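Colleague: Could you take a close look at one helix pairing in this model, and tell me what packs against what and which residues make the contact?

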Amino acid sequence: MRQSLLLLLLGTLAASASAQSGAMAARLEGRYVRALTALAVDDDSTALRFLDEVLALAPADAAVLATRAEVALRLGAHADAVFFSRRATDAAPDRADGFVLLASALDAAGQDGARDALAQARDLSPTDPAVLTAVADRAAASGDAALERDVLRDLVRTGDTVAARLRLSRLAERAGDAT
């Protein structure tokens, strides 16, 4: 009898804990949606408050960490952007978009490592147009015409975008003017 009462009590506690964790997850999701809504209307301070609330309870959520890094970039808090984007890549090392964000944060902060972060993103998603565009943009900004050309060619092959073709033709024209 005691054993069945104990099992019943344990079952009740487990169900209660599960319901509480479900309610907590719903609350966190609601706060995250509020943060995204605030970002959509350029209310960065409200977004920051909700994101920090979510991170206090779910500190390893890669999506929330990445969003927090994006807000830091928008606010010019470059060290925070690097910090949160590094945490996002640690939480989800298989997500290329996190490494693209890390590269942007490192560039904004004037720190080394952006090229390596983009190389990691390209290794993870070699045909992702967003990754290829970010790598091409970084190559152009750093004056690496050979890398820019190679990446734009890959972008044309995988996405066949008009913008990539136009950039590639301009790059070829500049190379022809230089000779």
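Modeller: In this predicted model, I would begin with helix α6 (residues 114-124) and helix α7 (residues 129-142), which pack at an angle of about 155°, their axes lying 9 Å apart. Since angles over 145 degrees count as roughly antiparallel, α6 is therefore roughly antiparallel to α7, and the crossing of α6 and α7 is left-handed. On the α6 side the contact is made by Ala-114, Arg-115, Leu-118, Ala-121 and Arg-122, while α7 contributes Val-131, Leu-132, Ala-134, Val-135 and Arg-138. By character, the residues of this contact between α6 and α7 comprise seven nonpolar and three charged, with no polar ones.

Another pairing can be set beside it: helix α3 (residues 62-75) and α4 pack at an angle of about 160°, with their axes 8 Å apart, and α3 and α4 are therefore roughly antiparallel to each other. The crossing of α3 and α4 is likewise left-handed. Among the residues that make this contact are Leu-65, Ala-69 and Leu-73 of α3, and Ala-81, Phe-84 and Ala-88 of α4; the residues of the contact of α3 with α4 divide into ten nonpolar, two polar and three charged.

As for confidence, the protein chain averages a pLDDT of 84, and 87% of the residues score at least 70. Among the elements of the chain, helix α4 (residues 78-91) has the highest mean pLDDT, 97, whereas helix α1 (residues 2-40) has the lowest, 65. Over residues 1-17 the pLDDT stays under 50, and for that stretch the model has zero contacts beyond four places in sequence.

Methods:
Residues numbered from 1 in each chain as written. Predicted model: local features only at pLDDT ≥ 70, side-chain atom pairs only at ≥ 80, totals over all residues. Heavy atoms only, no water. pLDDT = per-residue confidence, 0-100. Helix = DSSP H or I, 4+ residues; strand = E, 2+ residues; numbered from the N terminus. Contact = heavy atoms within 4.5 Å. Axes fitted to C-alpha atoms, helices over the stretch in contact; angles between N-to-C directions. Parallel < 35°, antiparallel > 145°, perpendicular 65-115°, else oblique. Left-handed = near helix turned anticlockwise from the far one by under 90°. Nonpolar A, V, L, I, M, F, W, Y, C, P; charged D, E, K, R; others polar.
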